[in-house]
Amino acid sequence: MTTGHRITVEPGERHVRVVRDGRVLAESDRALVLRETGCPARWYIPPEDVRLDLLTPSATHTYCPFKGTASYWSLPDAPDLVWSYPDPKPAVASIKDHLCFYDVDVD
């Protein structure tokens with residue numbers, strides 16, 4: 001890791017609910033919270049708690065030197081709204097296949 005850069009992943013202790021335009025996209029009591037230097041806390045939600053039927057896989061992929069290569073999903077009016085790491089770096093292995101949303105309501 002780069003000097004001063006830190007990532008932690010731990011079980012979330014809150015109920016996480018993702019709503020867009022009045023539609024619940026995900027709801028979980030099992031989300032993981034990822035904290036990374038210089039970034040807001042991000043909630044990674046197990047796929048079983050996400051409305052995958054509403055999402056379309058995107059051709060977008062990005063690379064993070066600390067987490068690995070991310071894959072993205074979209075809604076018709078929200079491209080690349082959701083991402084996950086199907087093969088994350090060992091330091092963040094627990095987020096494997098969990099999905100993260102840009103817009104999250106945490107209840």
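**Exercise 1.** Which of the 17 residues in the largest nonpolar core touch the most other members?

*Solution.* Begin with the term: a nonpolar core is a set of buried Ala, Val, Leu, Ile, Met, Phe, Trp, Tyr and Cys residues joined through side-chain atoms within 4.5 Å, where buried means under 20% relative accessible area (1.4 Å probe, protein chains only). The residues sought are Leu25, Ile45, Val50, Leu75, Leu81 and Phe101. Next, strand 2 (16-20), strand 3 (23-28), strand 5, strand 8 and strand 9 (99-101) each supply at least two residues of this core, and the largest share, three residues, comes from strand 8. Strands here are DSSP runs (E, at least two residues), numbered from the N terminus.

The model is predicted, so local features need pLDDT of at least 70 and side-chain atom pairs count only at pLDDT 80 or more, whereas totals for chains, interfaces and linings use all residues. Residues are numbered from 1 along each chain as its sequence is written, and side-chain values use heavy atoms, with hydrogens and water left out.

**Exercise 2.** Describe the surroundings of strand 4 (residues 32-36).

*Solution.* Two strands pair if DSSP finds at least two bridges between them. Strand 4 pairs in the antiparallel sense with strand 1 (residues 7-11) over five bridges, and three bridges join strand 4 to strand 5 (residues 42-45), also antiparallel. Follow Val33 across: its bridge partner is Glu10, while in strand 5 Val33 stands opposite Trp43. Finally, four of the five residues of strand 4 are buried, so this strand is largely enclosed by the rest of the structure.

Key. Buried < 20%, exposed > 50% of the residue type's maximum accessible area, 1.4 Å probe, protein only.
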